[in-house]
Every structure is written in structure tokens, then in C-alpha cells.
Amino acid sequence: KIKCNIKVQPMKKIVFISALALTSVAFAQKKELKEVNKLLGKGELSQAQTLLEQTKATALADAKYAPEYHFLRGQIFFQKAEKGENIISSLKEATNALKEYSKAGGKENNDLISFREKVAQFAFNKAISFHEKQDYKNAAPTFELIYRLIPSDTTQLSNAANLYLLTKDYDEALRTHLELRDLGFNGSRTIYSAKNKETQKVEEFPNKETRNTALRSGQYFLPKDEKTPSLKPEIIKNIAIIYIEQGKKEEAVKAFDDAIKMYPKDAQLVLAQGQLYYQLGDVNKFKELCLKAAEIDPNNPNIFFNIGTIALDKGNLDEARKYLEKAIQLKPDFPEAVLNVANTYIQEGNIIGTKMEELGNTKAEILKYNELNEQRKSLYKKTAKVLDDYTQTYGKNENILELLKNVYTALGDTANFKRIKDMLK
């Protein structure tokens with residue numbers, strides 16, 4: 001099952017270079033093109049488009065007029081998009097027109113740059129609007145258009161690629177992911193966060209300065225600067241996932257083999273390769289690659305979490321605890337790892353519970369039952385301590401509190417059950 005968590009990345013702030021009217025670009029205009037320009041200024045788009053198409057053959061045949069033809073065409077379709085007329089296709093036409101303008105020898109002047117950035121800003125606002133409405137099918141191509149307009153903003157291509165994958169448009173997802181791979185897209189960034197004292201939730205800030213101001217207010221604590229890993233492994237992994245969805249297992253395996261040859265010391269990439277084998281049902285290969293990743297990057301808590309989780313799934317509880325506790329040692333605020341450590345104790349307690357159910361009513365069996373019951377209670381108490389310790393240090397986590405409530409129920413600890421229930425409220 002594909003999991004694709006999309007966090008849309010913003011554009012850099014657009015600065016318009018010229019405040020001149022866009023229709024004032026200096027061209028050696030043919031009479032017909034000058035008339036198209038006038039119609040554009042009046043907002044009469046249908047007439048402008050009809051007249052422009054009538055001049056197409058003669059305008060494009062003359063290098064002196066071809067750039068103006070494309071520029072005017074771009075303006076017509078952009079104004080259509082602004083009026084809500086076939087927004088995506090109109091933006092595509094405007095974008096293509098600007099490309100053709102450059103191919104025809106059009107100059108990269110201030111007004112042209114300003115117009116391109118205006119189109120890009122409009123496209124970004126529309127893409128965000130589509131995304132907020134969960135209209136990902138329209139958001140994806142709109143984000144891609146921003147990149148086509150401003151190729152330096154590769155983040156928008158990444159947004160588009162992830163959304164194509166999310167909507168299972170595998171052909172477009174593969175095309176854009178391959179392009180990101182070939183561009184060497186990294187996508188790493190620093191996340192500035194702090195915990196809100198009132199809500200006990202970790203919040204992200206746009207930059208370090210804003211976060212530090214929030215800390216000085218006294219409303220926030222536990223600041224953290226976290227460098228996100230390179231997205232290169234994620235891109236390779238997604239390419240492999242797409243190949244799998246397309247029934248191309250060999251291409252998926254090859255995608256990773258080629259990438260590992262290029263980046264043999266990239267632990268994230270090795271880990272992603274392991275996840276591919278996990279998806280293909282080869283759990284042993286997954287674990288082998290996780291251990292390899294741990295050798296490359298022994299301070300990565302996610303690697304030890306994965307190894308521990310696989311051991312937990314296979315019922316190897318001591319091994320699971322060893323690796324999960326290592327993950328928590330490296331990253332103390334790791335609620336998923338804490339939950340899994342708690343689950344190792346719960347599973348061990350449940351195994352004892354099964355043994356208890358098999359006992360009869362003889363005196364010896366009753367004594368054995370009581371002995372096993374004490375062992376089970378001891379394990380549940382260890383579970384409660386792991387979960388309670390985390391809560392006291394890092395605040396409320398709904399999943400942890402729900403499990404803790406159930407553990408106190410099993411222990412018959414009414415006071416602590418009520419305490420946790422009140423926290424959940």
C-alpha cells in the first residue's frame with residue numbers, strides 16, 4: 001500500500017522587476033499584432049485570439065514578429081486563466097507560449113521576466129487552493145507548471161511528482177520522479193520547532209528567528225533544529241514503487257541496484273531498498289539491508305526502529321526490545337518506538353495469559369496460575385512505566401495515553417486509569 005505524505009513546499013517570494021504594463025513590451029509590430037495588443041488591453045480575449053490566429057502563418061514566418069506572436073498568445077491564455085476559463089489548460093498554453101517566445105529568439109527583458117513570474121505566482125496560488133480542497137488531480141499539474149515556468153524552483157516539481165503518485169497517475173508520477181532523479185534533486189531542509197506549553201504539541205516555524213521569538217514569549221519550550229534527510233532515497237524508492245504498481249518488478253530492483261552503485265554509503269537509500277524487499281514480501285532481505293544501513297549510519301534511530309519492529313512482528317521480543325530501546329536512546333522523543341517497546345511487554349504478558357488459561361483447578365495448577373499471574377502483572381507494570389515515563393517527559397500523546405489507559409484497566413489500577421482518562425479529555 002502506498003503511503004505518500006504530502007507537505008507542500010512554498011515558492012520563494014516573487015519580486016516583480018518592472019511595474020510597466022505588460023502590453024508595453026517594445027516590438028516591431030505588424031499592424032495586425034498591434035490590433036491584438038489593443039484588444040488585449042480592453043480584455044476582449046476572444047477577438048484578440050481570433051485575430052492572432054489569423055496572423056499566425058505570416059507572423060511566424062518572419063523572425064522579427066515571431067516572438068511578439070508568442071508573447072501575445074501567452075498573455076491571452078493567462079488572462080483566460082485569470083478569468084477562470086479552463087484554468088489548467090490555459091496556464092499550460094501560456095507556459096508553452098513563453099517557451100516558444102524564447103525559442104523564437106525573444107529577448108529576456110524585464111517585462112518578460114515579470115510576466116513569467118506573475119504567471120508562476122498565479123499558478124502557485126491555484127495549486128495551493130486545489131491542494132487545500134484535496135483536489136490533487138488538478139494540484140499536481142499546476143505545481144508542475146510552476147517548475148516549467150521557473151526551472152530553478154525544483155521543489156514544485158517534487159510537489160507535483162508526489163501528488164501524481166498519491167492520485168495513482170503512475171505514468172506521470174514515473175516521468176516526474178525520473179526527472180527529479182536525473183536533476184539530482186536533494187530536497188533537504190531544516191525544520192525549526194518547539195513545543196506549545198498550552199497544547200503540549202510540537203509546532204513548526206518558518207525560520208529560526210520566528211521560533212526564537214516564540215520561545216522568548218514563554219509560550220514555547222523544547223526547541224529543536226532538525227535537518228531533514230535527503231529526498232534522493234525517497235525518489236528512488238518511489239520510482240521502484242511505481243514500477244511495482246506497473247507490474248515491473250525487475251525494473252524496480254534495478255532502480256535500486258543502480259542507485260546503490262552510485263551512493264554505496266547512503267544509509268537512507270539502503271534502508272529504502274530494504275523497504276522495497278519488505279513490500280515484495282522478503283522480510284529476511286529487509287532485515288539484512290536494515291543491518292547494513294545501521295553499519296553505515298549507527299546514529300540513525302529510524303533504522304533501529306525498523307529492525308526492532310520487524311523483530312516484534314516475528315515475535316522475537318527480546319531482540320525487538322534491544323533495537324527499539326537503541327532507537328529511543330538515539331531519539332528519546334520517539335513515541336512510535338515507545339509504543340512498540342510497550343507492545344513487547346504486552347505480547348509477553350499475553351503469552352503468559354494463554355498459559356494461564358490452559359491450567360485446571362488442582363491445587364498445584366492454582367499455585368502455578370497465581371505465579372504466572374504475578375509474572376504477567378510485572379510485565380504490565382513495566383509497560384505502564386515505559387508509557388508513563390514518556391508522558392511525564394514529553395507530554396500528551398493520544399496513542400500512548402490510550403494504551404496506558406488499557407494497561408491500567410488490566411492491572412485494576414482505578415486511580416491511574418481515572419488520571420489517564422482525565423488527561424485524554
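1. Start with helix α18 (residues 363-394): D389 and K385 sit four residues apart there, which puts about one helical turn between them. Their side chains meet in a salt bridge, at 2.7 Å from N to O. K385 is exposed at 52% relative accessibility, while D389 comes out as partly exposed at 34%. Bear in mind that this is a predicted model.

2. Helix α16 (residues 317-330) has a pair of its own, D318 and R321, three residues apart and so separated by about one helical turn. The salt bridge between their side chains is 3.0 Å, N to O. Which of the two is buried? R321 is, with a relative accessible area of 10%, whereas D318 is exposed at 58%. The cut-off for buried is under 20% and for exposed over 50%, so this bridge links a buried residue to an exposed one.

3. Next is helix α19 (residues 398-411), home to K405 and E402, which are three residues apart, or about one turn of the helix. A salt bridge joins their side chains, at 3.5 Å from N to O. E402 is partly exposed, with 31% relative accessible area.

4. There's also a network to look at: E144, R148, E172, R175 and E179 are tied into one by salt bridges that share partners.

5. How many salt bridges does the structure hold? The total is 24, and the ones I've walked through include D389 with K385, D318 with R321 and K405 with E402. As a general reminder, side chains of opposite charge can pair when their charged atoms come close.

Methods. Residues are numbered from 1 along each chain as its sequence is written. This is a predicted model: local features need pLDDT of at least 70, side-chain atom pairs count only at pLDDT 80 or more; totals for chains, interfaces and linings use all residues. Side-chain values use heavy atoms; hydrogens and water are left out. A salt bridge is a side-chain nitrogen of Lys or Arg within 4 Å of a carboxyl oxygen of Asp or Glu. Helices (H or I, at least four residues) and strands (E, at least two) are DSSP runs, numbered from the N terminus. Buried means under 20% relative accessible area, exposed over 50%, partly exposed in between (1.4 Å probe, protein chains only).
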